[in-house]
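Trainee: I'm new to this one and would like to learn how to read it. Could you walk me through it?

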Amino acid sequence: MQAFEYAEPKTLKEALGLLSARWGETEILAGGTDLLSLMKNYVVTPKRVVNLKSIAELRGVAETSEGLRIGALTTVQELLEDRRLARFPALIVAAQGITSPQIRNMGTVGGDLCQRPRCWYFRNGFGLLARDAQGRALVPEGDNRYHAILGNDGPAYFVSASSFGPPLIALGAQVRIAGPNGTREMPLSEFFVIPKNEGEREIALRPNEILTDVILPAAASELRNTTYEVRQREFLDWPLATASVALELGEGKVRRASIVLGHVAPVPWQARAAAALLEGKVLTEDLAAQAGEQAVAAAKPLSKNRYKVQLARVAVKRALLAAAQGGA
Amino acid sequence: MAETPKPSAQATIEWPPAGRRQLIGQRISRLDGPAKASGRAKYSYDVNRPGMLHAKLVFSTQARARITAIDTSAAEKMPGVRAIHLILQPGAEVRWVGQEILALAAETEEQARDAARAVKISYEPLPHLVADVPPEQAGTERVQQLREQTEGDPDTGFQQADVIVEGEYGCPVITHCCLESHGQVAEWNENNLTVWASTQNVSGLAPQFAQGLQTAGISVQASQVRVLTPVMGGGFGSKFAADTWGVACAALAHKAGRPVKLMLERDQELLAAGGRPSMYARVRVGAKRDGTLTAWHSESWGTGGPATAGTPNLPYVIGAARNPLLPKRSRHTAVFTNIGPARAWRAPNHPQMCLITMCALDDLAAKLQMDPLDFFLKNLQYTERPEVYREELLKAADLIGWRQKWRPREEALRAKGPVKRGLGLSLHTWGGRGHNSNCQTTIHPDGSVEVAIGSQDLGTGTRTVIGIVAAETLGLPLEAVTVKIGSNEYPPSGASGGSTTVGGVSSATREAATNALNQLLAKVAPALGVPAEQLEARDGRIQVKGDPSRHLPWKQACARLGTTPITASGQTQASLISSGVGGVQMAEVTVDVETGIVRVEKMVAVQDCGLIIDLKTAESQCYGAMIMGICYALYEEKIMDQLTGRCLNPDMEFYKLAGIGDIGELVVHMMTGPGYDERGVIGLGEPPVISPGAALSNAVANAIGVRVPHLPLTPDRVLAALEAKGGAV
Amino acid sequence: MAEQPKREKTPRGGGNGLSRRDFLKGTGAAVSAGVLVTEDLLRAQAQRTSPVVGPGPVTITLRINGQTRQLTVEPRTTLLDALRNHLDLTGAKKVCDRGTCGACTVHLDGRAIYACTMLAIDAARGQEITTIEGLAPQEQLHPVSAAFVEHDAQQCGFCTPGFVMAAVAYLRENPNPTYEQVTHALGGNLCRCGTYMGVRHAMVEAALRGKGGRS
């Protein structure tokens with residue numbers, strides 16, 4: 001870890017004043033479960049670290065007129081313990097999927113959304129787009145068993161590591177972002193972006209902004225929703241593919257559906273055509289399988305990750321069937 | 001290490017007979033358990049000395065290159081830097097990413113890391129190979145045929161076969177991943193060096209340090225080097241040597257005039273301090289319709305990195321017997337790569353040979369449409385211990401419910417739903433004869449007892465075993481004995497490798513304690529009015545054999561020593577130990593054929609190892625070995641990138657080990673009693689880690705109807721095997 | 001959350017390390033262990049104005065095992081390194097150093113966390129830190145530790161303190177877990193020797209005896 005200045009602001013305003021307008025100079029410390037590893041591996045070498053933990057307004061879950069507001073500094077464990085969130089099995093299953101109690105106690109909702117990809121070329125110092133000194137793209141020729149099968153037309157091949165991105169997008173969540181010129185809000189689906197050039201980030205946050213809240217719309221609580229994660233080991237393992245689904249049912253049929261895949265693309269991947277396939281139909285096992293098929297129809301597997309196409313297909317099918325049966 | 005100990009002059013030393021044993025063979029908690037479970041045990045990594053510096057290694061970032069320059073000028077000027085020691089000089093060739101180049105010491109760990117990053121190494125890149133490829137893809141300069149061996153007439157054997165199967169099997173390079181990384185603290189006191197080393201070789205390190213330091217221009221004799229390892233955090237065969245970092249640490253301490261701690265960081269640990277060679281084979285094996293094997297043919301290869309890594313002896317266990325001889329031909333080729341160096345990994349070569357053999361035989365049984373249990377029973381005459389394996393196979397079958405649960409491959413696959421269930425089995429063997437060990441037992445006039453051996457406890461329970469044998473011999477409770485190990489100031493004992501420790505230390509302790517007791521009995525005899533030969537130590541007293549009412553309590557007996565303690569020595573006793581064990585493991589798995597995910601449901605280990613000293617820690621060895629086996633069967637793989645030459649997973653995130661939720665239900669049954677106990681003590685560390693890969697691979701094949709050729713049995717490999725077969729159902 | 005920072009900002013020396021080096025030379029880097037906080041220090045902390053400290057060493061105060069310990073570390077020093085290198089509290093082990101193995105598990109306000117993945121300065125905001133050394137008085141064994149001994153839930157023992165700490169934190173909140181739940185409680189810890197069978201049995205026994213929460 002490179003030495004850095006450290007600040008512990010008490011207010012959001014104070015915190016914003018401490019952030020640089022350029023990436024790389026300052027980093028935000030929330031739970032720290034990702035940031036410390038990134039700094040230890042010299043993937044990020046900030047001059048200053050701004051710890052948000054003393055900013056009370058960033059914590060906790062609250063019912064508001066626009067829906068359920070989840071403060072970015074709410075820990076995964078606090079999320080799991082909040083009864084109001086029991087209506088969102090998609091989120092709860094994803095939180096339970098963070099299988100280490102220690103990480104659940106430390107990691108935060110905002111940190112989950114802002115964490116960097118686990119791509120081993122990125123973590124080994126070859127950059128987010130994983131190129132060597134000669135500019136060769138390392139992922140397509142290298143070991144890409146955990147890399148993207150969707151949204152990988154280039155140059156990004158990593159997968160978004162966020163656990164909460166897919167369920168929150170499926171539930172229609174918004175995020176609120178504070179910056180030097182006030183706050184802005186956007187659908188979480190727009191928060192994740194696929195970088196085109198090295199140096200760009202995989203989220204829409206600017207370096208001098210802070211993700212402050214996630215807002216779950218009130219209507220989301222009416223949705224049948226869940227998440228299905230395919231993970232090799234029971235614990236301490238990243239999923240190989242996940243699917244979060246949210247269904248609006250009426251008269252036994254699917255009125256509207258949202259299907260978002262995780263760990264298969266540089267962003268949480270919205271399978272819109274697969275969701276559209278369900279609308280107006282009774283959700284049967286066959287239909288769920290068809291939706292799974294549709295969700296991966298555009299997949300372009302790399303040399304070593306074709307199996308992930310199958311995993312994504314199955315995750316969608318199983319998530320849909322579980323949701324239709326009443327949640328998790 | 002496994003040299004045959006010379007018979008001792010006193011050949012009368014024996015283990016107590018079954019009815020007389022009070023501690024031996026019981027389930028006894030390990031002596032250092034409380035210190036470890038309370039965090040008070042001080043490992044090498046935990047040693048903090050006054051004024052101690054922290055050292056870090058600079059290692060190669062190139063898989064193969066010539067070092068053209070090493071520029072330490074910036075590092076030297078960094079805050080806190082106190083000493084730099086070059087391990088390689090400019091001009092040297094590095095042959096793997098992670099190869100040690102230099103070490104430096106600074107006041108704090110953070111400063112040492114900063115300085116290590118400020119060192120500039122210039123390289124002239126050379127072509128590398130880090131991909132684990134078969135010989136034909138490696139290039140002739142990178143292969144060496146190590147062995148071609150034919151016994152009997154395999155060609156005729158294959159002609160006599162009714163059924164022949166051919167297949168490829170294998171497993172990649174894995175690492176040791178000791179939780180306490182390699183390293184040590186070194187401290188000089190004038191010309192004397194003390195090293196707190198995380199080692200499996202307390203008695204053997206001093207000469208290595210002396211020699212290594214000589215090369216670094218520091219003159220020290222082995223007698224001036226004290227090595228201390230009261231506890232250590234795992235070795236598994238990778239911690240026998242002083243290593244370049246050990247010598248560098250001592251040299252830095254010498255230069256700086258301060259104690260220095262140098263423990264490898266996790267990436268270095270995985271890159272350079274461990275490594276089990278890969279092994280793959282194309283196998284052809286034939287049998288008659290009734291299952292009797294007729295011939296074996298294998299062409300195997302593997303890489304141990306820059307050097308050859310041992311020659312396998314295939315087939316394994318089945319086919320090892322001389323009479324009857326299974327006709328066989330085998331050829332092995334070593335492939336030299338830049339994947340990193342190999343070290344002995346718990347039961348070197350055996351897990352790989354076992355996987356190749358047992359999987360090929362299991363496939364043959366499937367083709368014969370035979371239950372593998374019957375097939376293996378049918379061919380036990382080709383093993384060296386048919387009766388033992390028969391007993392163990394039947395016991396294991398009983399414990400896992402083989403006869404009730406086993407279904408042929410196709411039938412298992414036809415079960416409803418995506419989750420299929422399968423059973424697999426495997427056999428293994430190991431030597432485990434005790435190494436040369438010396439023991440000193442001292443009885444003090446106040447009744448206290450010390451037993452000293454220059455051995456080490458890797459977590460196997462060595463300390464406890466020594467205490468049990470001494471206490472048993474002296475008729476005392478375990479708490480009455482102080483066990484002193486983990487220092488080369490105690491009588492020399494062999495390195496702890498190859499399951500040689502328990503035989504060495506237990507028999508040496510038995511002799512030393514017996515000799516000490518005989519001296520005590522001689523002193524006490526006049527007081528009890530009988531010759532010393534008629535006395536025995538039992539239940540905390542010295543008593544007349546057959547008349548326990550005539551006795552002296554232990555303390556009173558020892559008080560007769562006046563002011564001079566009794567001390568006696570002992571060494572490894574060939575008559576108390578033996579070699580050669582069998583073992584059978586069976587595994588039950590479920591496989592989700594839609595995701596390729598394998599779950600261990602149940603595993604059974606049936607194991608013999610002669611006379612067991614501590615049943616509790618013996619069982620722990622088996623449980624632990626099965627779990628380590630689950631790790632390499634399902635998860636472990638050193639993943640290399642051919643383009644960059646890098647290892648992609650030198651961490652514990654993607655170098656995956658099984659967690660507490662991945663192991664299913666484990667059952668251990670130790671074979672004890674008549675037929676086993678009288679063989680004497682035999683080592684146990686290696687054997688139970690050999691079979692899990694094969695047993696699990698066979699169980700997966702049984703569940704999904706097709707062989708997954710290579711470990712680890714990851715979802716991509718399982719799904720690929722299913723697809724090659726034409727789908728799940 | 002408990003009271004706010006008790007920390008003194010040291011002069012920003014530009015991180016040349018000189019003054020620190022001298023400081024360390026005098027005391028020995030390894031055991032520059034804590035002294036009790038003085039009134040002066042508390043006053044100085046209250047007067048702190050600038051919100052930014054470091055990158056050079058900063059004097060911080062940690063509340064560990066019921067004691068208040070003051071130490072001087074860089075902001076980048078992890079809690080684990082502070083415990084092990086500065087306070088000689090070596091029960092928490094450094095294994096993966098990346099928050100993936102659990103060997104460094106300690107309690108922060110009663111909850112299990114990875115000490116390798118938290119900055120020491122971040123743990124100096126008044127939280128109560130408990131390390132395994134703080135579970136039981138010297139010469140005594142916490143009931144969970146005792147259950148680990150009884151069930152041989154350890155071999156080399158290097159992961160064991162982390163397992164014990166994770167187990168104690170869990171059992172305090174969940175005194176009556178099922179066999180399945182104890183497994184989940186330890187999903188953040190890894191062992192290389194393969195002691196999980198013993199660990200499971202130890203957890204179940206500690207829970208059955210209702211001992212987990214007490215210390």
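Mentor: Let's go through the chains one by one, keeping in mind that this is a predicted model.

Trainee: How many helices and strands does chain A have?

Mentor: Chain A holds 13 helices and 12 strands. To judge how they pack, set the radius of gyration beside what the globule rule gives: for chain A it is 19 Å, close to the 20 Å the rule gives for 328 residues, so chain A is as compact as a globular protein of that length. Its C-alpha trace spans about 60 × 50 × 35 Å along the principal axes.

Trainee: What share of the residues of chain A count as buried?

Mentor: A residue is buried if 20 or more other C-beta atoms lie within 10 Å of its own. In chain A, 60% of the 328 residues count as buried.

Trainee: And in what order do helices and strands come along chain C?

Mentor: The pattern, read along the sequence, is β-α-α-β-β-β-α-β-β-β-α-α-α-α, and it comes to 7 helices and 7 strands. Of its 215 residues, 61% count as buried. Now look at contacts between residues at least 6 apart in sequence: in chain C, 68% of them join residues at least 24 apart, and in chain A the figure is 66%.

Trainee: Which strand does β3 of chain B pair with, and is the pairing parallel or antiparallel?

Mentor: Strand β3(B) pairs with β5(B), residues 100-106, in the antiparallel sense over 5 bridges. In that pairing, Val81(B) stands opposite Ala106(B). Strand β3(B) covers residues 81-86 and is mostly covered itself, with 5 of its 6 residues buried.

Methods
Residues numbered from 1 in each chain as written. Chains lettered and ligands numbered in written order. Predicted model: local features only at pLDDT ≥ 70, side-chain atom pairs only at ≥ 80, totals over all residues. Helix = DSSP H or I, 4+ residues; strand = E, 2+ residues; numbered from the N terminus. Buried ≥ 20, exposed ≤ 12 C-beta atoms within 10 Å, placed from the backbone. Contact = placed C-beta atoms within 7 Å. Pairing = 2+ DSSP bridges. Rg over C-alpha atoms; globule rule 2.2 N^0.38 Å.
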